[in-house]
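Here is a short briefing to keep beside you while you turn the model on screen. Please have the sequence open as well, so that you can find each stretch as you come to it.

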Amino acid sequence: MTSAADLPPPRAMPAACPACVVAPSAERLAQLAAPQAARLMLSLPTAHCAACISTVETGLQRLPGVHSARVNLTLKRVLVEADAEMTAQDLIPALARLGYEAHELDAGVLSVTDGDRQGRDLLMRLGVAGFAMMNVMLLSVAVWSGAEDATRDLFHWISGAIALPTVAFAGQPFFKSAWAALKAGRLGMDFPISLALVLASSISVYETWHSGHHAYFDAAVMLTFFLLGGRYLDHRTRAVARSAAQELAALEVPRAIRLSEGAEVTVPVAELAVGDLVLVRPGGRVPVDGVVTAGTSEIDRSLLTGESLPAFAGPETPVSAGEVNLTGPLTVRVTAAGKDTSLHRMADLVAIAESARTRYTSLADRAARAYSPLVHILSFSAFGWWMWQTGGDVRHAINISAAVLIITCPCALGLAVPAVVTAASGRLFRKGLLIKSGTALERLAEVDTVVFDKTGTLTMGTPAPVNLDDHPRADLELAAALAGASSHPLALALARACADAGIRPAGGEDLHEVPGYGVEGRWQGRRVRLGRAGWVGADPLAVTATWLHRGDDAPARAFTFADSLRPGAEAAVAGLRAQGKRVWLISGDAPGAVRDLAERLGIDDWQAEALPQEKAAKVAAFAAEGRKVLMVGDGLNDTAALAAAHVSVSPASALDAARVASDIVLLGRDIAPVADAARIAGQATRRIKENFAISGLYNVVAVPIALVGLATPLWAALAMSLSSITVSLNALRLK
Amino acid sequence: MEILGILIPVSLFLGGLGLLAFFWSLKNRQYEDPRGDAERILTSDWDDAPKP
């Protein structure tokens, strides 16, 4: 009999009464009430080496209020944990002093803590399958080289003990998606894979039980490993593209300055309501639709309409979200915010056009559709034939039909597409192109017509003066002096061009900007002006221009501007034409500017003053003619056309909505990679088709062997690994 | 052939250790920043004593 002393003592209670355990301690409450530490994420586009890491980390940690800083060089980001009241605005100047350009990233857009859970899950399963494959293969080689009787059975049993849990764990992604497809009434690529895995495992268990000669445990785990490898490559390419696209979106932190009772408060755009007053500083983007109540300025509408000329804005001028304020501060009364803004209505158009595009079936899907029924029919006929031949030997018939399934299993087919897409996306990423959609490369390869937008796509959207040589030097000196006093894009361009030409600004006095009109000052006792035509008393021209008035009787002199060409624009157009594609230029800008550009680039077909709907309609008309259109554009006016096109490209400087609608994002300033992308896409599609042919060829050889019942596990292993390796090597040939 | 009775469990055990090490590295997010880790070994910041 046990005494009470032998019983284990009751567990120690940390608090005097049970209720205290449930009630949180005062300390914990205080902790909860205190504001949580801020997690700030900054993009560091110029970080590239070990010295960068330590400079940034130690530099940030020295700042008061910063708890820790960790640079991620792969993503070119730094994650800072700091006191709750710290903001990115406190850190950016500090980083600038260290010599690093930094941009705040919206942590809400980037899933900071989540990381890449799906990728790690796949990698874990891949690791398990790799471990199992190596061990089972060791045992299998022993069996193939002649292990007999009890030894063979023992090896089979050990193989099974390793392979069965592995297939059950590592094969889950296939089982799950096969089941999901089956419930939806489809037979995808994953169904024959799952069937082969299950059949190979169960046949092997049965054979091992009956001391059979052949067990396919090695085939089952090898299949899992290779297919998971393909799956992981596929996921990885997409994850890289997704995180880069997310980062572009996160760079635009949606904030606005609200004026409430005279005070300026920075608030998220989502909190703005109709009737609020919002201050838009020069250089800032208008966050909402509204009406100007105070201030005069010029606004750049190019992202919305494609017009390259800035428009005047004063009281009562309506403004739309997405426009950029150029010269003077504007106070805007909100008339529509959030979902009701014109930006958002445009995004809805995109959603409609996008749903039309998802109808595209990828090459892999088409291959799977042809492949699955064929394999199942083959396997079943083999079963039937051998049942009839052997007079009902079920074991033999099942063995053969399983061997057929295992040997034809789309090991190479599963790698054929991901291996090529990974190689091509990596190559294009190094050229500065981000492939967002999985089927973008295949669609790009089919393109025969290319439609370019003008402003911001083929041009930089920044003007450059073209007639400096027509003016006397004294005028240029005066113009340079006046232009130096303004931050208007035309003035900036003029000042820069004069500086480059070695022209020293003439000294003027009392230089000041008159927002919305130009710059005014005194020079040699006369009032001088540089600005809009009407303001200096000149007749406006059809092209972008600014006028200089010297304050005497001489008429005002016009400085005309042309949009500067985006680097690589000529190469891109020439490259696409050399590939036999028809190039169109469709712009919302005035006919003069569009014709000039078309002539400069050698584009024969152009259309000017196109409304957003017209652009989309034109693209749709091309599609109706059976043409496959590549749309390259950046503005909101291109968004619907981008979504309607067969495949679309937008530069990183484009509006968020345009980037979302496009399949490929151009990360650099140079547009020449677009032509390379079309070439590489064509090559990649050829490689994918070659890969299908290679895996088909292996089947043509291996299937008859399996059908007559001569296939052994050694044969299956050879066919599987050889075809997988050939397919991967073929993908690497991509230049 | 009795040696198999020792060698097979030993090889499986060692392989299993490797697998566990792989799991640990995944859990510890060792693959989040491969480029940064490759560069970090060049800094002399924590050469004398490990980072606390």
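The notes below go through the sheets, the annotated spans, the second chain and a few single residues. Please keep in mind that this is a predicted model.

**The six-stranded sheet of chain A**

- A good place to begin is the open sheet of six strands in chain A, which runs in the order β16-β21-β20-β19-β18-β17 with antiparallel pairing.
- At its edges you will find β16 (459-465) and β17 (509-514) of chain A, and each of these pairs on one side only.
- From one strand to the next, the twist of this sheet averages 20°.
- Inside the sheet, β19 (residues 526-531) and β20 (residues 545-549) of chain A are antiparallel partners joined over three bridges.
- To see one of these partnerships by residue, select L530(A), whose bridge partner in β20(A) is L548(A).
- Helix α17 (residues 473-483) of chain A packs on this sheet, where it touches β17, β18 (518-523), β19, β20 and β21 (557-565) of chain A.
- The direction of helix α17 of chain A makes about 75° with that of β19(A).

**The seven-stranded sheet of chain A**

- Chain A also has an open sheet of seven strands, this one with mixed pairing, in the order β14-β26-β25-β24-β15-β22-β23.
- The edge strands here are β14 (433-435) and β23 (605-607) of chain A; each has a single partner strand, so one side of each is left without a neighbour in the sheet.
- The twist of the seven-stranded sheet averages 20° from one strand to the next.
- For a parallel pair, look at β15 (residues 449-452) and β22 (residues 582-586) of chain A, which are linked over four bridges.
- Across that pair, V451(A) has W584(A) in β22(A) as its bridge partner.

**Strand β13 and its partners**

- Strand β13 (residues 330-336) of chain A pairs with β7 (residues 277-280) of chain A in the antiparallel sense, over four bridges.
- Strand β8 (residues 289-294) of chain A is also an antiparallel partner of β13(A), this time over five bridges.
- On β13(A), R333(A) is the bridge partner of L277(A), while V332(A) is the bridge partner of V292(A).

**Annotated spans in chain A**

- An unreviewed UniProt entry places the feature "transmembrane region" at several stretches of chain A, including residues 187-209 and 370-388.
- In the model, residues 187-209 of chain A are 87% helix and 0% strand, and the end C-alpha atoms of this span lie 32 Å apart.
- Residues 370-388 of chain A are 100% helix and 0% strand, with their end C-alpha atoms 28 Å apart.

**Chain B and where it meets chain A**

- Chain B has two helices and zero strands.
- Its radius of gyration is 18 Å, well over the 10 Å that the globule rule gives for 52 residues, so chain B is more spread out than a compact globule.
- Along the principal axes, the C-alpha atoms of chain B fill a box of roughly 55 × 25 × 20 Å.
- Of the 52 residues of chain B, 2% count as buried.
- Contact between the chains involves 19 residues of chain B and 19 residues of chain A.
- Helices α1 (4-27) and α2 (34-40) of chain B each supply at least two residues of the side that touches chain A, and α1(B) gives the most, with seven residues.
- By class, this side of chain B has nine nonpolar, three polar and seven charged residues.

**Single residues worth a click**

- A719(A) is found in helix α26 (residues 713-732) of chain A.
- Is A719(A) buried or exposed? A719(A) is buried, because 26 other C-beta atoms lie within 10 Å, and the cut-off for buried is 20 or more.
- Beyond its neighbours within four places in sequence, A719(A) is in contact with I407(A), Y698(A) and A702(A).
- Most residues other than glycine have a negative phi.
- E316(A) has a positive phi, near 75°, and lies in the loop between β10 (311-313) and β11 (318-319) of chain A.
- E316(A) counts as exposed, with 8 C-beta neighbours inside 10 Å.
- Q524(A) is not a glycine and has a positive phi of about 50°; this residue lies in the loop between β18 and β19 of chain A.
- With 13 other C-beta atoms within 10 Å, Q524(A) is partly exposed.

Terms used
Residues numbered from 1 in each chain as written. Chains lettered and ligands numbered in written order. Predicted model: local features only at pLDDT ≥ 70, side-chain atom pairs only at ≥ 80, totals over all residues. Pairing = 2+ DSSP bridges. Axes fitted to C-alpha atoms, helices over the stretch in contact; angles between N-to-C directions. Contact = placed C-beta atoms within 7 Å. Rg over C-alpha atoms; globule rule 2.2 N^0.38 Å. Buried ≥ 20, exposed ≤ 12 C-beta atoms within 10 Å, placed from the backbone. UniProt positions renumbered as here; feature names shortened; annotations may be inferred. Nonpolar A, V, L, I, M, F, W, Y, C, P; charged D, E, K, R; others polar.
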